[in-house]
Amino acid sequence: MKNKIIKLGVPKGSLQESTLRIFKRAGFNIKIPGRSYILKMDDPEIECFMLRPQEIPRYIEEGKLDVGISGEDWIRESRAKVVEISDLKYAKQKIKKTKWVLAVSKDSKINSVKGLGGKTISTEIVNLAKDYLKKNKVKATVEFSWGATEVKPPRFADAVIDLVETGVSLEAHNLKILDTVFESSTMLIANVKTMEDSWKREKIKSLNLLLEGAVEGERMTGLTLDVPRAILKKVLKVLPAMLKPTVTKMPNTDFYNVFTSASKVEIRKLVPKLKKLGCEGIVEYPLRKVIP
Amino acid sequence: MPYRQQNLFLQKNMAKENKIKFGIPGGALEESMERLFQDAGYDFKIKKAPLLVCIDDPEIECFFDRANELAFLIGAGILDGGIVSRAALLESKSDAKEVCLIGTPSFDWKSSKVVLAVPEKSSIKSLKDLRGKQIITRLPGITKDFLKKNKISATVEVSHSSNEAKVPELADAVVEFANTGATLQFYNLKVLAVLLEDANALSVIAHPKAWKNNWKKEKIESLGILLKGARIAQEYSGLMLHASNDMMEEVLKALPALKKPTVTHLRGENWFDVFTVAPKKDLRRLIPRLKEIGCTDIIEFDLSKVVV
């Protein structure tokens, strides 16, 4: 009985809100009881813990957790040996990657990574920073930063490698970006031994299927339209190819009903185009999950 | 709005025939009620000061009050109908007619019970031991009915808050709502009897006089269908998928039975499009299963109403 439980780590902090939202869409309700790090999840087969994303990869490597969600940055930074199950492609703000960038004060003489020789760089991702310097064949001192890294140049460090989402914070501290060091995504990872247990592997695979479906469901939208026979071929060519459209002949008319789904970005171009082609009764509606 | 004022307001509007006066329960239910009516297709808003319920249907006049008072107002025929919990309906002893059961206020509400509890170390071991004892409760009607049914004479004391904390100092036993049992446990109380299951399940009810009026009956019934449909839809998702001919048998076996799935033959192919609805909770098992069978293009979407 005890084996029929997987221990799941979900990230506290910036990824918290979007993670809970994706889980809800995937069909799991998670409640955060007060100050506890043990979360209440409405699936008796999952024990859920909320931890800093920096620590989740290591706990998974050590087998203290079976599976978890963390940023690709922290997985690489911790050098943890884990099974990467999928790239869930969602981050704090939108479904997009977050970026770590190299930045210096706007009035700094350093204008590329090559100018960093002998300088001090402050960052939260020490290992990734060292990898980056090595790749660029530059020798510099990397200092660990506990946070608020963007305030450090020029007084406490010559340069920083810091997370950027909108760029507002860098701008506010008079910094300019020289280079992108690492683009990070959100990943589902698991312990190596866990994946050897067939029950746990199936459970994690199902969880992953639902989470991936939920991420797609957030990105996509459903569309149905009535298409005159004369333009059906043309319309089917215009529709995005990710999912196969469902085409049904409408009784007693020369129209076909087409059901499909497309990304919200595609839809902005698609709907006017379909209208101009001569489609009628175009209805768009939100989706919860999409599993191709 | 104070009760007397509301009453005057009601009398003033008595003359208009094609209008139902409908009670909406407040307190902890406010948010769920807003969501339920909005899901049912109404532009619906509860405003706090002055207390006012706005609904975009001129044939419905909404009154917002505590659930217990609503049951009384409907029982007395001051309102034509309304939404009340099972516990409130039984407590009011009104002869209002239950039109339709909606269920718990929203999907994140667990169903609660009404229980009789005594301290862990109490000398009261069975119902018989309650004889001559004092029971504290906010539900005197339900409590007295229960005692009468079990032929026990005991004193029933009415108190409206934190009754669990008042045993054993102020009373020997307590009749109270229990959800997870955590509060009872905190006060070292054990359950001796369950008086009512699904105590917080909501129903649309109507006063017998309103029920005899065909127009009002129709209106309340229709509203009930919409509200119930919206409530069920909160727990359900729509599901669409493609399956080939040889998968169909297994697919149909895996799908839940609430609604017969709609199966359409895909144009010029050996594939079918399947449309159905399923409880959100079942989908956690169902979607991986369908994928395993070999289904493609699986799409889940929100529903506004499910009327069965």
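Modeller: Let's start with a working rule: two strands count as paired if DSSP finds at least two bridges between them. Keep in mind, too, that this is a predicted model.

Colleague: Okay, so which strand pairs with β16(B), and over how many bridges?

Modeller: That's strand β17 of chain A, residues 289–291. The two strands pair in the antiparallel sense, over 3 bridges. To see it in the structure, look for K289(A), which stands opposite E300(B) in β16(B).

Colleague: How many residues does each chain give to the contact?

Modeller: Chain B puts in 20 residues and chain A puts in 22. On the chain B side, the elements giving two or more residues are β13 (236–244), α10 (280–293) and β16 (296–302). Sort the residues on that side by type and you get 9 charged, 7 nonpolar and 4 polar.

Colleague: How do I read a whole sheet? In what order do the strands of the open sheet in chain A come?

Modeller: Walk across it from one side to the other. Here you'd pass β2-β3-β4-β1-β5-β12-β6, 7 strands with mixed pairing. The walk has edge strands, β2 (30–31) and β6 (83–87) of chain A, and each of them pairs on one side only.

Colleague: Do you have a pair inside that sheet to practise on?

Modeller: Try β1 (residues 6–11) and β5 (residues 67–71) of chain A: they run parallel and are joined by 2 bridges. Find G9(A) and you'll see G68(A) of β5(A) standing opposite.

Colleague: And the helices? Which strands does helix α1 of chain A lie across?

Modeller: Helix α1 (residues 16–26) lies across β1, β2 and β5 of chain A, and runs at about 135° to β1(A). Then there's helix α6 (residues 198–219), which lies across β1, β5, β6 and β12 (186–190) of chain A. Helix α6 runs at about 20° to β6(A).

Colleague: Back to chain B, then. Into which domains is chain B divided?

Modeller: Domain 1 is 3–107 + 200–233, domain 2 is 113–196, and domain 3 is 237–302. Notice that domain 1 is written as two stretches of the chain. Taken over C-alpha atoms, the centres of domain 1 and domain 3 of chain B are 38 Å apart.

Colleague: What about chain B as a whole?

Modeller: Chain B has 10 helices and 16 strands, and its C-alpha trace spans about 80 × 55 × 35 Å along the principal axes. Of its 308 residues, 39% count as buried. Look at contacts with a separation of 6 or more, and 69% of them in chain B are between residues 24 or more positions apart.

How values were computed:
Residues are numbered from 1 along each chain as its sequence is written. Chains are lettered from A and ligands numbered from 1 in the order in which they are written. This is a predicted model: local features need pLDDT of at least 70, side-chain atom pairs count only at pLDDT 80 or more; totals for chains, interfaces and linings use all residues. Helices (H or I, at least four residues) and strands (E, at least two) are DSSP runs, numbered from the N terminus. A residue is buried if 20 or more other C-beta atoms lie within 10 Å of its own, exposed if 12 or fewer, and partly exposed in between; C-beta atoms are placed from the backbone. Two residues are in contact if their C-beta atoms, placed from the backbone, lie within 7 Å. Axes are lines fitted to C-alpha atoms, for helices over the stretch in contact, and angles run from 0 to 180 degrees between N-to-C directions. Domain bounds come from an automatic or database domain assignment. Ala, Val, Leu, Ile, Met, Phe, Trp, Tyr, Cys and Pro count as nonpolar, Asp, Glu, Lys and Arg as charged, and the others, Gly among them, as polar.
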